[in-house]
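Colleague: I would like to learn how to read the surroundings of a ligand and the pairing of rings in a model. Could you take me through them step by step?

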Amino acid sequence: MPKHFLMCRPDYFTVEYAINPWMHPEAGADRERAIRQWEGLKSAYEELGHQVSLIDPIEGLPDMVFAANGALVVGGRVYGARFAYPQRAAEGPAYLRWFAERGYPTMEPSHVNEGEGDFLTLDEVILAGTGFRTDVVAHQEAQEYLGRPVVSLTLVDPRYYHLDTALFPLDGHNVAYYPEAFSPGSLAVLRRMFPDAVVATAEDAAVLGLNAVSDGTNVVINAEATNLQLELKRRGYEVIPVDLSELRKAGGGPKCCTLEIRGEN
Ligand SMILES: CN(C)C(=N)NCCC[C@H](N)C(=O)O
């Protein structure tokens, strides 16, 4: 089934503040290279037959390229984002406006949450991260608005500050994850829910290998996550490696650049 993604070209991408351990403003970032890498990701989706829509980037919002943080869209309803850091605050209303202008029902959130960065949707359940950015109360708010069960998972390693840096859905029923990113209780929940999960190594996590996008057949993944790619191939997935090393300087990977627009079903 082709998917529909929203992306934002990194026309104003910089690393000028540090709000996660990956960001080092003194080291800078190469915007032209980031744009080329982002174009490669967009082409990869289009070649797989997925639809890509674009939101206009806004000057002064260097992290707006990370579209996944802009909202959570499930069943055609849009639960807006409310960012933890003031540097990104203006992105929430910008993404919500994009959806409202296209006729989607939208909800302005009352609680801090960073969209699909911390909400990952499976067929029957939404997995939700907390600990660094998204407030656990937002999990309840999303459940109430979207009418899907939300399972809270606590993140404990600051390098894996969003759920989508430590886990990705392989399909509607199974996931890949990095165990050390989760609290003991949350890890026990993952083991119980997903006994056949792909378990990633520290090396794969450290190159944001878990920040991947799967359509159930193809997995678009950071090129450097080599162990994880081998395991995915062994399980029968088609692996599409992409180089997003420049965007990783802001703490993002393929999934971060990709907000899935799920229709009414
Ligand atoms: C889901 N996405 C987008 C991510 N997991 N991360 C990207 C956010 C990077 C940004 N500098 C920040 O720290 O907010």
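Modeller: Please keep in mind that this is a predicted model. A good place to begin is a polar contact, and here an N or O atom in the side chain of R88 is 2.7 Å from an oxygen atom of the ligand. In a similar way, R133 has a polar side-chain atom 2.8 Å from an oxygen atom of the ligand, while a polar side-chain atom of D63 lies 2.9 Å from a nitrogen atom of the ligand.

Colleague: How much of the ligand's accessible area does the protein cover?

Modeller: On its own the ligand has 390 Å² of accessible area, and the protein covers 100% of this. The ligand takes up the space of the largest cavity.

Colleague: Which residues come nearest to the ligand, and how does the shell divide?

Modeller: There are 17 residues around the ligand, of which N20, R88, H162, D164 and C256 come nearest. The shell divides into seven nonpolar, six polar and four charged residues.

Colleague: How many aromatic pairs does the structure hold, and why is the pair of Y79 and F119 called edge-to-face?

Modeller: The structure holds eight aromatic pairs. In the pair of Y79 and F119 the ring centres are 6.0 Å apart and the planes stand at 80°, over the 60 degrees that edge-to-face requires, so the pair is edge-to-face. This pair links distant parts of the chain, since Y79 belongs to strand β4 and F119 to strand β6, 40 residues apart.

Key:
Residues are numbered from 1 along each chain as its sequence is written. This is a predicted model: local features need pLDDT of at least 70, side-chain atom pairs count only at pLDDT 80 or more; totals for chains, interfaces and linings use all residues. Side-chain values use heavy atoms; hydrogens and water are left out. A residue is near a molecule or strand if one of its heavy atoms lies within 4 Å of it. A polar contact is a pair of N or O atoms within 3.5 Å; within protein, one must be able to donate a hydrogen and the other to accept it, and residues adjacent in sequence count only if both atoms are side-chain atoms. Accessible areas come from the Shrake-Rupley method with a 1.4 Å probe; for residues, only the protein chains shown count as cover. On a 1 Å grid over the protein atoms alone, a cavity is a set of points where a 1.4 Å probe fits but cannot get out, and a pocket is an open set with protein on both sides within 12 Å along at least five of seven lines; lining residues have an atom within 4 Å of a point. A molecule sits in a cavity or pocket if more than half of its atoms lie within 2 Å of its grid points. Ala, Val, Leu, Ile, Met, Phe, Trp, Tyr, Cys and Pro count as nonpolar, Asp, Glu, Lys and Arg as charged, and the others, Gly among them, as polar. Rings of Phe, Tyr and Trp (its six-membered ring) pair if their centres lie within 6.5 Å; planes under 30 degrees apart count as stacked, over 60 as edge-to-face and the rest as tilted. Helices (H or I, at least four residues) and strands (E, at least two) are DSSP runs, numbered from the N terminus.
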